[in-house]
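User: Please take a close look at the sheet in this model, and connect its strands to whatever else in the fold is built from them.

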Amino acid sequence: MTDRIPMTPEGYEKLKEELDRLIKIERPAIIKAIAEARAHGDLSENAEYHAAREKQSFIEGRIQELQAKLARAYVIDPSKINQNKVAFGAKVRVIDIDTDEEKEFHLVGPDEADVKNGKISITSPVGRALIGKEVGEQVTIKAPAKTFNYEIISISFE
């Protein structure tokens, strides 16, 4: 598990902000909630106490997960990449050859992927198909449901 995790600078900052919030705000708040619930007496029948302990467990697990991801992060600045070809961090506009529908994909690391917002992982089938391609090239992506045929119409690294 020593694999480096590729991340954009924005993705790295987002994870750092979540970690800071968990450590500085969430953790102290849940410790206080546990202390208050403990003060209510018998812990074996205290639902408030058990719920707070469960939330504490979740928070501590998430803190460890974020610390591990940040420790393994390999931050890649898209502005320092050859911008003639699709690469990590690129925003790629494509046109679906079959439907004439335009789409934009932002190629990010697996932990930053958010398909609803157009952010796709470089390890996804679409991401892997686009990497290394240039404007005007066509790619075919075989998905379980259907096959997509795209033509790359622009590449940007904003």
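Analyst: Two strands are taken to pair if DSSP finds at least two bridges between them, and the elements themselves are DSSP runs numbered from the N terminus, helices being H or I over at least four residues and strands E over at least two. The model is predicted, with local features requiring pLDDT of at least 70, side-chain atom pairs counting only at pLDDT 80 or more, and totals for chains, interfaces and linings using all residues. Residues are numbered from 1 along each chain as its sequence is written, and side-chain values use heavy atoms, with hydrogens and water left out.

In β7, Ser154 is the bridge partner of Arg93. The strand β3 (residues 91-96) runs antiparallel to β7, and six bridges join the two. Strand β6 is likewise antiparallel to β7, here through five bridges, with Ile141 opposite Phe148 in β7, and a hairpin of four residues connects β6 to β7. Elsewhere in the sheet β4 and β5 pair in the parallel sense over three bridges, and Leu107 stands opposite Ile120 in β5.

Taken together, five strands form an open sheet of mixed pairing, in the order β5-β4-β3-β7-β6. Strands β5 and β6 (138-142) stand at the edges with a single partner strand each, so one side of each has no neighbour in the sheet. From one strand to the next the twist averages 45 degrees, where axes are lines fitted to C-alpha atoms (for helices, over the stretch in contact) and angles run from 0 to 180 degrees between N-to-C directions.

Aromatic side chains also link these strands. Rings of Phe, Tyr and Trp (its six-membered ring) pair if their centres lie within 6.5 Å, with planes under 30 degrees apart counted as stacked, over 60 as edge-to-face and the rest as tilted. By this rule there are two aromatic pairs. The ring centres of Phe105 and Tyr150 are 5.8 Å apart and their planes stand at 55 degrees, so this pair is tilted. Because Phe105 lies in strand β4 and Tyr150 in strand β7, the pair ties together parts that are 45 residues apart in sequence.

The two residues of that pair recur at a pocket, which is an open set of points on a 1 Å grid over the protein atoms alone, where a 1.4 Å probe fits, with protein on both sides within 12 Å along at least five of seven lines; lining residues have an atom within 4 Å of a point. The second largest pocket holds about 180 Å³ of space, a volume being the space filled by probe spheres set on the points, which are joined across faces, edges and corners. Of its 13 lining residues, Phe105, Val115, Ile120, Val126 and Tyr150 are the closest to its centre. Strands β4 (102-108), β5 (119-121) and β7 (147-156) each supply at least two residues of this lining. By class, the lining of the second largest pocket has seven nonpolar, three polar and three charged residues, where Ala, Val, Leu, Ile, Met, Phe, Trp, Tyr, Cys and Pro count as nonpolar, Asp, Glu, Lys and Arg as charged, and the others, Gly among them, as polar.

As for annotation, UniProt (unreviewed entry) places "domain: Transcription elongation factor GreA/GreB C-terminal" at residues 83-156; such positions are given in the numbering used here, feature names are shortened, and annotations may be inferred rather than shown by experiment. Over residues 83-156 the chain is 42% strand and 8% helix, with the end C-alpha atoms 7 Å apart.
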